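I sat down with this one to get my bearings before going back to the bench. These are my notes, in the order I looked things up.

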Amino acid sequence: MTTTAPITQDVLTIPRKAPEGQKPNMIGMTRAQLRAALIAHGTPEKQAKMREGQIWQWLYHWGVRDFAVMTNLSKDYRAMLAENFAIRLPEIVTHQISADGTRKYLLRIDGGHEVETVYIPEEGRGTLCISSQVGCTLTCSFCHTGTQKLVRNLTPAEIVGQIMIARDDLQEWSIPGEARREDRLISNVVLMGMGEPLYNFDNVRDAMRIVMDNEGISLSRRRITLSTSGVVPEIARTADEIGCLLAISFHATTDKVRDQLVPINKKWNLEALLAALRDYPRLTNSERITFEYVMLKGINDTDEDARRLIKLIKGIPAKINLIPFNEWPGAPYQRSDWARIEAFSEIIFNAGYASPIRKPRGEDIMAACGQLKSATERGRKSSRQIAAEASGG
Ligand code: SAH
Ligand code: SF4
């Protein structure tokens with residue numbers, strides 16, 4: 001633990017390239033953008049709001065993908081829409097189901113890049129873990145995603161599209177004539193997949209506003225949790241412009257250790273981070289902040305760490321989510337022993353905080369926290385490793 005990792009890796013940031021000549025995608029447009037697009041294609045201003053509402057419901061309440069079935073619009077109007085717009089989602093490359101019921105979707109997006117989305121069914125709830133970037137520019141030393149060399153921000157369509165694809169798979173769209181289902185399979189969404197959501201703020205915000213919209217997918221802001229490594233200036237904006245719940249990848253109780261684990265700490269240290277967090281519950285009028293804490297053997301898992309953690313977060317309504325480290329090929333850490341994790345949890349619990357230990361899910365399909373990385377990248381990495389081994393490196 002002597003090297004100083006850079007805050008961001010030497011990555012190739014690729015701009016989004018929409019294939020030439022593609023029609024604009026209606027998925028991912030904000031309401032205002034949709035309305036403006038309809039007006040630009042000849043919809044009278046007076047009608048535009050109504051048309052926007054009708055199309056919105058078809059897309060996000062009924063999950064329809066074809067303008068032709070939007071039967072409350074005239075035939076000519078549907079033809080105009082089909083001529084000028086597309087309804088496009090990422091493409092499913094593979095779909096795996098773990099022994100424990102966890103589902104992982106590998107999706108291909110424009111430019112041929114890949115992202116992963118994971119559905120985790122639990123008693124009485126179901127959580128969809130979505131990605132916000134291809135890869136991540138940050139370099140948390142325990143995270144597999146942080147070793148991926150290609151990075152691109154996902155568009156709102158690609159972020160919302162992950163939820164729409166999971167709803168397709170779980171057959172969760174409303175069916176005309178049937179009562180609205182109350183038992184939602186996707187009851188919660190967490191931005192805990194690949195990428196740092198607060199480095200793709202505008203697209204994440206626009207996507208979450210679509211997901212929260214009452215005339216569509218209609219997920220409450222209290223059922224969306226955004227996880228950040230600590231991009232301090234964007235935390236107040238998250239409260240203001242999204243209003244969802246916040247999780248913070250805390251992982252250490254001293255700046256020295258956090259600098260190593262979560263290098264963005266060198267830019268915004270514990271003090272700056274905690275100051276931003278103290279304001280969050282008030283700004284969103286919401287309950288607790290989730291502190292994520294990955295348990296790394298011999299690195300951050302002593303009783304003293306647990307006690308320091310309690311002192312640091314004093315006064316912040318919090319829940320501490322302990323994450324047993326998930327290993328990946330070449331990872332430089334080991335998972336803390338189970339007894340250690342339990343002892344750590346107990347100290348925090350006795351101080352009055354919920355301190356659940358996150359059960360690793362979907363490990364057999366590499367779907368657990370921090371294991372996500374696109375298959376193409378994995379392939380690239382292993383061929384490099386093979387080459388290195390072959391040359392005795
Ligand atoms: N970039 C955001 C969100 C994605 S990571 C963030 O860092 O918060 C989601 C959570 O998984 C984070 O708390 C992250 O620190 C954690 N994580 C990453 N790699 C892990 C691993 N190998 N084992 C367990 N948790 C890991
Ligand atoms: Fe990026 Fe989060 Fe992984 Fe850190 S833990 S490298 S911020 S995805």
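**Odd backbone spots, then the rest**

I started with glutamine 171, which is exposed because its relative accessible area is 62%, over the 50% cut-off. I had stopped there for its backbone: phi is near 50°, a positive value in a residue other than glycine. Glutamine 171 belongs to the loop between helix 4 and strand 8 (188–191). Note to self: this is a predicted model.

Next I checked histidine 251, which also isn't a glycine and has a positive phi of about 70°. I found histidine 251 in the loop between strand 10 (245–249) and helix 7 (255–261). Is histidine 251 buried or exposed? It's buried, since its relative accessible area is 4% and the limit for buried is under 20%.

**Whole protein**

I then zoomed out and got eleven helices and twelve strands for the protein. The radius of gyration is 22 Å, close to the 21 Å from the globule rule for 393 residues, so the protein is as compact as a globular protein of that length. I also looked up the span of the C-alpha trace along its principal axes, and that is about 70 × 55 × 40 Å. Of the 393 residues, 53% are buried. For contacts between residues at least 6 apart in sequence, I noted that 68% join residues at least 24 apart.

I picked one long-distance pair as well. Asparagine 350 and isoleucine 39 sit 60 Å apart in space, C-alpha to C-alpha, with their positions 311 residues apart in sequence. Asparagine 350 is part of helix 10 (residues 338–350), and it counts as exposed because its relative accessibility is 59%.

**Second largest pocket**

I wanted a look at open space too. The second largest pocket holds about 420 Å³. It is lined by 22 residues, and the closest to its centre are Arg16, Asn25, Arg88, Asp110 and Ala157. Which helix gives the most to this lining? That's helix 4 (residues 156–169), with three residues. Sorting the lining by class, I got nine nonpolar, eight charged and five polar residues.

**Ligand 2**

Last stop was ligand 2. Around it I listed Cys136, Leu138, Cys140, Cys143, Gly146, Gly195, Glu196 and Ser229. By class, that shell comes out as four nonpolar, three polar and one charged.

Notes
Residues are numbered from 1 along each chain as its sequence is written. Chains are lettered from A and ligands numbered from 1 in the order in which they are written. This is a predicted model: local features need pLDDT of at least 70, side-chain atom pairs count only at pLDDT 80 or more; totals for chains, interfaces and linings use all residues. Side-chain values use heavy atoms; hydrogens and water are left out. A residue is near a molecule or strand if one of its heavy atoms lies within 4 Å of it. Ala, Val, Leu, Ile, Met, Phe, Trp, Tyr, Cys and Pro count as nonpolar, Asp, Glu, Lys and Arg as charged, and the others, Gly among them, as polar. On a 1 Å grid over the protein atoms alone, a cavity is a set of points where a 1.4 Å probe fits but cannot get out, and a pocket is an open set with protein on both sides within 12 Å along at least five of seven lines; lining residues have an atom within 4 Å of a point. Grid points are joined across faces, edges and corners, and a volume is the space filled by probe spheres set on the points. Helices (H or I, at least four residues) and strands (E, at least two) are DSSP runs, numbered from the N terminus. The radius of gyration is taken over C-alpha atoms; the globule rule is 2.2 Å times the number of residues to the power 0.38. Buried means under 20% relative accessible area, exposed over 50%, partly exposed in between (1.4 Å probe, protein chains only). Contact means heavy atoms within 4.5 Å.
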